[in-house]
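Trainee: I should like to understand how descriptive terms are justified for a model such as this one. May we go through some of them together?

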Amino acid sequence: MNISFHGVKNTGSYHYTRKSTEMIPAGRYVMILPKGRRTNIHVELNNQNGNDLDEFRDILEKYPNYHNKTALNFVYDYMEDEKTGAKQHFYTINNNLVEMNDKNLPVLSKIFKLMKKISTMDKEELKVENRYVTSPEAHDAFQAYKIFCPEEDFEKILDIAHTRYYAQTGAAYLAKKLEKELTNFVINA
């Protein structure tokens, strides 16, 4: 049964903070992950009680999600080199890097509005289908956490990510980050 209000469903968000550089075994190699934070939100868009899918159609065509053409996976990564203090952050949409520039300003503005909307939705309106949480789409959207927090049970991460609390908290955090960066970009342009 597909129940959705306000044009979104199957919304999930998760974050992981590394307090220091971590060395993680990856087969015969060791991956070095810098100090930082990763936050992502995955949401399926539709036109029920709104036109969210229509509003994002151009973005989803430019940055397609290969598991679901109506889904948006938005990621904010922040990294800091402990030795030099150099900081770097970036955004991706469906695994495509999106830089803050004039061309992408409308795209990031739409995502900001969507994050604000999700963060303030009534909790009863954030619906997740049980079969979605175990789908290849959900696994792909949160795959990076298998690397970032290998000590955690991935199925547990998926369950937590799709709670209303995590979805709304993640959306609020991403909205705050986007608002700050969009404001700085416009002021300094």
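**Terms and their reasons**

Mentor: Let us begin with one pairing: tyrosine 14 stands opposite asparagine 40 in strand β4. This is a predicted model, in which local features need pLDDT of at least 70 and side-chain atom pairs count only at pLDDT 80 or more, while totals for chains, interfaces and linings use all residues. Residues are numbered from 1 along each chain as its sequence is written, and side-chain values use heavy atoms, with hydrogens and water left out.

Trainee: How do you know that β1 and β4 pair?

Mentor: Two strands pair if DSSP finds at least two bridges between them. Nine bridges join β1 to β4 (residues 35–45), and the two run antiparallel. Strands are DSSP runs of E with at least two residues, and helices are runs of H or I with at least four, each numbered from the N terminus.

Trainee: Why is strand β1 called largely enclosed?

Mentor: Nine of the 11 residues of β1 (residues 8–18) are buried, so the rest of the structure largely encloses this strand. Buried means under 20% relative accessible area, exposed means over 50%, and partly exposed lies in between (1.4 Å probe, protein chains only).

Trainee: What makes tyrosine 14 buried, and what makes tyrosine 166 partly exposed?

Mentor: Tyrosine 14 has 10% relative accessibility and therefore counts as buried. Tyrosine 166, at 24%, counts as partly exposed.

Trainee: How many aromatic pairs does the structure hold, and why is the pair of tyrosine 14 and tyrosine 166 called stacked?

Mentor: There are seven aromatic pairs. Rings of Phe, Tyr and Trp (its six-membered ring) pair if their centres lie within 6.5 Å; planes under 30 degrees apart count as stacked, over 60 as edge-to-face and the rest as tilted. The centres of tyrosine 14 and tyrosine 166 are 5.7 Å apart and their planes are at 15 degrees, so this pair is stacked. Tyrosine 14 lies in β1 and tyrosine 166 in helix α7 (residues 164–188), so the pair ties together parts that are 152 residues apart in sequence.

Trainee: Why is the pair of tyrosine 76 and tyrosine 91 called tilted?

Mentor: Their ring centres are 5.3 Å apart and their planes are at 40 degrees, so the pair is tilted. Tyrosine 76 belongs to strand β5 (residues 71–80) and tyrosine 91 to strand β6 (residues 87–93).

Trainee: What makes arginine 37 a charge over the ring of tyrosine 173?

Mentor: The rule asks for NZ of Lys or CZ of Arg within 6 Å of the ring centre and within 35 degrees of the ring normal. Arginine 37 lies over the face of tyrosine 173, at 4.2 Å from the ring centre.
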